[in-house]
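User: I would like a close look at one part of this structure, its nonpolar interior, followed by an account of the surroundings. Please keep the explanation suitable for a first-year student.

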Amino acid sequence: MGNVEQARFNMVEQQIRPWDVLDIRVLDLLSKVKRERFVPPGRQSMAFMDMEVPLGHGVSMWQPKMEARALQALQLGHNDRVLEVGSGSGYLTALLSHLAMHVTSVEIVPELHAFAEKNLAAHHINNVTLTRGDAAQGWPGSYDVIVLTGSVPILPEAFQNSLKPGGRLFAIVGDAPVMHADLITCVAPGILERVTLFETSIAPLQNTLQPKRFVF
């Protein structure tokens with residue numbers, strides 16, 4: 001058990017803090033929610049590595065530093081209602097649930113939906129609604145925070161329209177190999193502020209909106 005805690009400590013000190021994640025709430029949460037319990041069987045050794053963890057179906061858990069950086073940027077509050085597009089293993093869902101009032105998490109892959117459901121139930125997390133469905137181009141409702149866990153070539157306006165005033169949207173936009181993580185804030189009805197946080201490249205959401213592409 002000591003080796004696991006040392007690995008968790010090293011993850012925070014060597015990967016996450018150097019990426020300018022200094023929010024004590026986020027750092028404390030990484031000790032509370034045990035990442036190794038959300039990775040697929042046989043891949044526990046990858047839980048604290050600076051890499052994506054494959055979940056199957058073309059989906060991976062983000063790098064730990066990206067999870068932490070997104071949480072810090074979103075500045076979640078106890079009254080926030082969150083939409084997560086892509087439940088994956090349920091780990092990011094669990095992190096969000098500890099900081100927000102309620103999380104609605106939508107997963108298109110039945111096997112991943114079941115995996116996330118099992119993991120969240122094991123941790124007795126009860127402020128999450130897990131839903132099976134395709135939310136790649138939007139989902140009904142209005143939210144304080146929206147997180148897209150897969151990339152999108154272009155960001156559907158539906159997500160921006162679903163932000164409440166003061167709401168924040170985290171999305172990774174672009175085509176491989178060049179994508180950028182954006183934080184979009186609804187500063188007032190119909191007025192959005194967009195900040196690029198960092199560059200990265202991750203797998204796209206299924207059925208995401210595609211730009212018109214020139215064909216020779």
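Which residues of the largest nonpolar core touch the most other members?

Analyst: The model is a predicted one. In the largest nonpolar core, which has 51 residues, Trp 62, Leu 76 and Phe 170 touch the most other members. Phe 170 may be taken as an example. Apart from its neighbours within four places in sequence, Phe 170 is in contact with ten residues, namely Trp 62, Ala 70, Leu 74, Ile 146, Val 147, Leu 148, Ala 181, Asp 182, Leu 197 and Phe 198. Trp 62, another of the core residues with the most such partners, is thus found among the contacts of Phe 170. There is also a second, separate core of 18 residues, and its members include Ala 135, Leu 148, Leu 169 and Val 173. Leu 148 of this second core is likewise in contact with Phe 170.

Helix H4 offers a further view of the interior. Eight of its nine residues are buried, so the helix is largely enclosed by the rest of the structure. Among the buried residues of H4 are Tyr 91, Leu 92, Leu 95, Leu 96 and Leu 99, together with Thr 93 and Ser 97.

Helix H4 (91-99) also supplies at least two residues to the lining of the largest pocket, as do strands E2 (59-61), E3 (81-85) and E4 (102-107). The largest share, three residues, comes from E2. This pocket has a volume of about 470 Å³. Its lining comprises 33 residues, and Val 59, Gly 86, Thr 149, Gly 150 and Leu 205 lie nearest the centre. By type, the lining has 16 nonpolar, twelve polar and five charged residues.

Note on methods:
Residues are numbered from 1 along each chain as its sequence is written. This is a predicted model: local features need pLDDT of at least 70, side-chain atom pairs count only at pLDDT 80 or more; totals for chains, interfaces and linings use all residues. Side-chain values use heavy atoms; hydrogens and water are left out. On a 1 Å grid over the protein atoms alone, a cavity is a set of points where a 1.4 Å probe fits but cannot get out, and a pocket is an open set with protein on both sides within 12 Å along at least five of seven lines; lining residues have an atom within 4 Å of a point. Grid points are joined across faces, edges and corners, and a volume is the space filled by probe spheres set on the points. Helices (H or I, at least four residues) and strands (E, at least two) are DSSP runs, numbered from the N terminus. Ala, Val, Leu, Ile, Met, Phe, Trp, Tyr, Cys and Pro count as nonpolar, Asp, Glu, Lys and Arg as charged, and the others, Gly among them, as polar. A nonpolar core is a set of buried Ala, Val, Leu, Ile, Met, Phe, Trp, Tyr and Cys residues joined through side-chain atoms within 4.5 Å. Buried means under 20% relative accessible area, exposed over 50%, partly exposed in between (1.4 Å probe, protein chains only). Contact means heavy atoms within 4.5 Å.
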